[in-house]
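Me: I'm new to this one and would like to learn how to read its side-chain contacts. Could you walk me through them, step by step?

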Amino acid sequence: MNHENIYDHFLTYLKKEDKKQSVLFALSLLEEEKLSIEDLYKHILAPSLIFFECDVNDEDICIWKEHTRTSIIRTIIEAVYPYIVKRLEKIKPIGKKVVVLTPAFEYHEIGAIMVSHLMVLQGFDATYIGANTPKQDIISALRAYHPDYIALSVTNPYNIVVTQQICDEIKKFFPEIKIILGGQAFNDQAALSSVKYDYLLSDFDAIKQFADEVSV
């Protein structure tokens, strides 16, 4: 069964909002070693959110349908973590610490959580701080964790301004910490050019490339 067929099969459960079968099917892919964690995130879970299409014309209904799907994906990701733990003993740490979060007013956090997991699998000491993180809380986290990198995930283009403000603060008070950006909001080059940053991770494959680069 190729990725496309697996994805289509998974969507049959998601479209029915069948949480139980969605979770069981996703975990069976790992248990039976049909997919790696990386492939599950890249080819199945992420596309199911990015390419969500509502099959009704009522906007209010579409909103809660999207929230329901997000909730199902979140449950799957949380259930995947024990599989990550099992792999940790075979992963060589690269000695780099990262904090991952979404800035204030950004509530789309699934991508950020997946990024933190994938960074762990690449040997980073990665910590997911949370969604909708106020600027002062970010500053406090940087003081507490002393990371090498901070990764900001932004989906909503309206949150570019607050992201710009946060990055300005980080560059001013923590110039030694490198800033990583990711998320659909940065598909717009104009938005990207307005923010001070060091690295752009535009997709999951870029995480491995980044790990290879900084572990040298």
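Me: Which charged end sits over the ring of Tyr-83?

Reply: Keep in mind that this is a predicted model. The general idea here is to look for a Lys or Arg charge placed above a ring. In this case the residue is Lys-86: its charged end lies over the Tyr-83 ring, 5.2 Å from the centre.

Me: OK, now rings with rings. How many aromatic pairs does a search of the whole structure find?

Reply: The search turns up 6 aromatic pairs. One of them joins Phe-10 and Phe-25, with 6.4 Å from centre to centre and 20° between the planes. That pair is stacked, because planes under 30 degrees apart count that way.

Me: Where do Phe-10 and Phe-25 lie?

Reply: Phe-10 belongs to helix H1 (residues 3-15) and Phe-25 to helix H2 (residues 19-31), so their pairing ties together parts that are 15 residues apart in sequence.

Me: And are they buried or exposed?

Reply: For that you compare the relative accessible area with a cut-off: under 20% means buried. Phe-10 has 0%, so Phe-10 is buried. Phe-25 comes out at 12% and therefore counts as buried too.

Me: Let's try another pair. How far apart, centre to centre, are Phe-124 and Phe-210?

Reply: They're 5.6 Å apart, with 10° between the planes, and this aromatic pair is stacked as well. The two residues link distant parts of the chain, 86 residues apart. Phe-124 is in the loop between helix H5 (110-121) and strand E2 (125-133), while Phe-210 is in helix H9 (residues 204-214). At 4% relative accessibility Phe-124 counts as buried, and Phe-210 is buried at 2%.

Me: Which residues form one aromatic cluster with Phe-124?

Reply: Tyr-149, Tyr-199 and Phe-210 join Phe-124 in that cluster.

Me: Now for opposite charges. How many salt bridges does the count come to?

Reply: The count is 10 salt bridges. What you look for is a side-chain nitrogen of Lys or Arg within 4 Å of a carboxyl oxygen of Asp or Glu. Take Asp-205 and Lys-42, whose side chains meet at 2.7 Å, N to O. Asp-205 lies in helix H9 and Lys-42 in helix H3 (residues 37-50), so this bridge ties together parts that are 163 residues apart in sequence. Asp-205 is partly exposed at 39% relative accessibility, and Lys-42 is partly exposed at 31%.

Me: Which residue forms a salt bridge with Lys-135?

Reply: That's Glu-169, and the closest N and O atoms are 3.9 Å apart. Lys-135 sits in helix H6 (residues 135-145) and Glu-169 in helix H7 (residues 160-173), so the pair ties together parts 34 residues apart in sequence. Lys-135 is partly exposed, with a relative accessible area of 36%, and Glu-169, at 25%, also counts as partly exposed.

Me: What about Lys-196: which residue is its salt-bridge partner?

Reply: Lys-196 pairs with Asp-168, the closest N and O atoms being 3.8 Å apart. Lys-196 is in the loop between helix H8 (189-193) and strand E5 (199-200), whereas Asp-168 is in helix H7, so the bridge ties together parts that are 28 residues apart in sequence. Both count as partly exposed: Lys-196 at 48% relative accessibility and Asp-168 at 31%.

Me: Last one: which residues are linked with Arg-74 in a network of salt bridges?

Reply: Glu-78 and Glu-109 are linked with Arg-74 in that network.

Notes: Residues are numbered from 1 along each chain as its sequence is written. This is a predicted model: local features need pLDDT of at least 70, side-chain atom pairs count only at pLDDT 80 or more; totals for chains, interfaces and linings use all residues. Side-chain values use heavy atoms; hydrogens and water are left out. Rings of Phe, Tyr and Trp (its six-membered ring) pair if their centres lie within 6.5 Å; planes under 30 degrees apart count as stacked, over 60 as edge-to-face and the rest as tilted. Helices (H or I, at least four residues) and strands (E, at least two) are DSSP runs, numbered from the N terminus. Buried means under 20% relative accessible area, exposed over 50%, partly exposed in between (1.4 Å probe, protein chains only). A charge sits over a ring if NZ of Lys or CZ of Arg is within 6 Å of the ring centre and within 35 degrees of the ring normal.
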